[in-house]
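Biologist: I am new to this structure. Could we go through it together?
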Amino acid sequence: MFVHKYFTLLFLPLFLISTESHAAIYKGQSIFIKKCMPCHKPGETFVAKYKKSEWEKFLKSKAKPLATLHLKDQKAKKSWDYFKSKKYMKESKHLRDFLFEYAKDSGKIPLF
Ligand code: HEC
């Protein structure tokens, strides 16, 4: 009885943490499909274009470098509303989870 209780106490939080981070990768992927893939296709190739450390450069400081890069580029005009929005600031952490999970040096390929 004691052991069982202990087990639950110890492992339940770990389980919750791991499903939480999975949920974020999944969320990041659906954001990527909706907000990035219209211009950056094919998605598998695009995600694998950069290593984790390189994605980090785009996504650091609340993902501002990525937004700035698009806001400076006339060809990316259709993305401006999104990159200027609060929604982007909020969602970028999920996007980051997704991009890190499938970066060039992760050896993983996302399924769309
Ligand atoms: C309306 C089209 C559009 C959308 C939407 C868009 N981008 Fe871009 N993106 C561009 C353009 C144009 C450039 C400039 C370089 C080029 O011509 O490819 C660019 C450049 C980039 C670059 C650096 C250069 C490269 O090609 O590697 C990254 C990284 C990037 N985008 C990621 C994203 C991510 C992540 C999203 C989704 C949150 C996104 N983009 C959404 C049009 C878009």
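Biologist: Where does H5 bend, and by about how many degrees?
Modeller: H5 bends at Ser-92, by about 40°; the bend at a residue is the angle between axes fitted to the seven residues ending there and the seven starting there. Helices are DSSP runs of H or I with at least four residues, numbered from the N terminus. This is a predicted model, in which local features need pLDDT of at least 70, side-chain atom pairs count only at pLDDT 80 or more, and totals for chains, interfaces and linings use all residues. Residues are numbered from 1 along each chain as its sequence is written.

Biologist: Which residues of H5 are buried?
Modeller: They are Tyr-88, Glu-91, Ser-92, Leu-95, Arg-96, Asp-97, Phe-98 and Leu-99. A residue is buried if 20 or more other C-beta atoms, placed from the backbone, lie within 10 Å of its own, exposed if 12 or fewer, and partly exposed in between.

Biologist: Turning to the ligand, how many residues surround it?
Modeller: The ligand is surrounded by 16 residues, each with its C-beta atom, placed from the backbone, within 6 Å of it. Cys-36, Cys-39, Lys-75, Lys-78 and Ser-79 are the closest.

Biologist: Which helix gives the most to that shell?
Modeller: Helix H3, residues 52-71, does, with four residues.

Biologist: What is phi of Lys-62, and where does Lys-62 lie?
Modeller: Lys-62 lies in helix H3, and its phi is near 60°, a positive value in a residue other than glycine. Lys-62 counts as partly exposed because it has 14 C-beta neighbours inside 10 Å.

Biologist: Which peptide bond is cis?
Modeller: The bond from Lys-41 to Pro-42 is cis, with omega near -10°. Pro-42 lies in the loop between helix H1 (2-35) and helix H2 (43-47).

Technical notes. Helix = DSSP H or I, 4+ residues; strand = E, 2+ residues; numbered from the N terminus.
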